[in-house]
Amino acid sequence: MHLLSPGPPLDLPGLYDLYDPPARSVRGGMVLSADGAAAHDGSSLPLSTPADKVVFRTLRAVADVVLVGAGTARAEDYGPIPVPEAARAWRGERGRPPRPPLAVVSRALDLDPGQRCFTGQVRPLIVTCAAAPPARRAALAEVADVVIAGEERVDLAAALAALADRGLGRVLCEGGPSLLAGLVGAGLLDELCMTLSPLLAGTGPGMLAAALPAPVPLELVHVLEEQGSLLLRYAVGGSPGQ
Ligand SMILES: NC(=O)c1ccc[n+]([C@@H]2O[C@H](COP(=O)([O-])OP(=O)(O)OC[C@H]3O[C@@H](n4cnc5c(N)ncnc54)[C@H](OP(=O)(O)O)[C@@H]3O)[C@@H](O)[C@H]2O)c1
C-alpha cells in the first residue's frame, strides 16, 4: 500500500501523448458518480466535471473512431465529434485524419437520419447486423456508411475487425452500459478510462448492463486528480489479487 501524492500539473498536448493508444486497441471511456451511477435522470451529463470533460475530449482527440450504442446516441443526442485545433494539429503530425468518425452500434436502427450525429464533416458509420430492418438500413445508408457484422446481433469482434480494415484501429467506446458490457463479456476491451466524480447520484444504471461470467481484473495504469475528480485508467486483464 502506498499514498498517491500530487505530481506536476499536466496540460495539452502532454495529455494527448499520455493517452495515445496503441494502433489496434479498444478503450472504454465512462464517467461515474462516486456511488457508481452511469447516469442521472437518463443522462451522463450531470455526472461530468471540468476534469472529466478535459479527459473526455482528450480520449476523442487520440481515437480513430468513437463507438457508441444506439441507446447512448439517442439518450445523449450525439452530434458529430468536435476536435479542437490543437488536437487536429497533433493528429496531423502523426499522419492521422483531423477528426474521428462516430460509429453507432444498433440492430433496431431506430435512428433518425436527420439526427445531429449525421450532419458533420466526417461521414459516420452505422454498425449493424444482417437481421436489421432493411428499410431503415437503406434510409441510414444515405447519411452514413453501413457496416454489417453478424446475423441476429452485431458480432462485436467482427465489427472491430471491419473498423480496423478501414484504418480505424484505435477504438474509443463511450458506452453505454449495454455495449460496454458486450465488449467486456467478449473479452474485447483492452483499457478502461473512468472518471469517478465527487458527487452522489442515487439509483441509476451502472457501468455495465449485464452480469459477467466472472469478475474481470483491472490493472491500474494511472490516476489523475483535479478538484476531487479521479481520472482512473486501467488496463483490462491481469491476475486477480495483483
Ligand atoms: N456514464 C457514462 O459515461 C455513460 C456513457 C454512455 C451512456 N450512458 C448512459 O447510459 C444510458 C443508455 O444505456 P444503454 O445500455 O441503453 O446504452 P447503449 O449501450 O449505448 O445502447 C444500447 C443499444 O445499443 C445497441 N447494441 C448494443 N450492443 C449491440 C449488439 N451487440 N448488437 C446490436 N445492437 C447492439 C442496441 O441498439 P438497438 O436497440 O437500436 O438495436 C441496444 O439497445 C443512458 O442513460 C446514457 O446516458 C452513460
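Helices (H or I, at least four residues) and strands (E, at least two) are DSSP runs, numbered from the N terminus. This is a predicted model: local features need pLDDT of at least 70, side-chain atom pairs count only at pLDDT 80 or more, and totals for chains, interfaces and linings use all residues. Residues are numbered from 1 along each chain as its sequence is written, and side-chain values use heavy atoms, with hydrogens and water left out.

**View 1. Cys173 sits in strand β6 (residues 170-173).** Cys173 has 0% relative accessibility and therefore counts as buried. Buried means under 20% relative accessible area, exposed over 50%, and partly exposed in between (1.4 Å probe, protein chains only). Tyr78 is 95 residues from Cys173 in sequence. In space, the two lie 13 Å apart, C-alpha to C-alpha.

**View 2. A shell of 27 residues surrounds the ligand.** A residue is near a molecule or strand if one of its heavy atoms lies within 4 Å of it. Ala38, Thr72, Glu76, Ser106 and Ser178 come nearest to the ligand. By class, the shell has 12 nonpolar, 10 polar and 5 charged residues. Here Ala, Val, Leu, Ile, Met, Phe, Trp, Tyr, Cys and Pro count as nonpolar, Asp, Glu, Lys and Arg as charged, and the others, Gly among them, as polar. β1 (25-33), α3 (70-75) and α7 (177-185) each supply at least two residues of the shell. Helix α3 gives the most, with 5 residues.

**View 3. Thr72, Gly42 and Ser44 place polar atoms by oxygen atoms of the ligand.** A polar contact is a pair of N or O atoms within 3.5 Å; within protein, one must be able to donate a hydrogen and the other to accept it, and residues adjacent in sequence count only if both atoms are side-chain atoms. Thr72 uses a polar side-chain atom, 2.6 Å from a ligand oxygen. Gly42 uses a backbone N or O atom, at 3.0 Å. For Ser44, a polar backbone atom is 3.4 Å from a ligand oxygen. On its own, the ligand has 910 Å² of accessible area, and the protein covers 84% of this. Accessible areas come from the Shrake-Rupley method with a 1.4 Å probe; for residues, only the protein chains shown count as cover.

**View 4. Arg27 belongs to strand β1.** Its relative accessible area is 4%, so Arg27 is buried. The Arg27 side chain reaches the backbone oxygen of Tyr19 at 2.8 Å.

**View 5. Strands β4 (residues 125-128) and β5 (residues 145-148) pair in the parallel sense.** Two strands pair if DSSP finds at least two bridges between them; β4 and β5 have 4 bridges. Ile126 stands opposite Val146 in β5. From β4, the chain crosses through helix α5 (residues 134-141) to β5, in a right-handed β-α-β crossover. Right-handed means that, with the strands pointing away from the viewer, the path from the first strand over the helix to the second runs clockwise. Val146 is partly exposed, because its relative accessible area is 24%.

**View 6. Leu109 and Gln227 have positive phi although neither is a glycine.** Phi is about 55° for Leu109, in the loop between β3 (102-105) and β4. Leu109 is buried, at 2% relative accessible area. Phi is about 45° for Gln227, in the loop between β8 (218-226) and β9 (229-236). Gln227 counts as exposed, at 70% relative accessibility.
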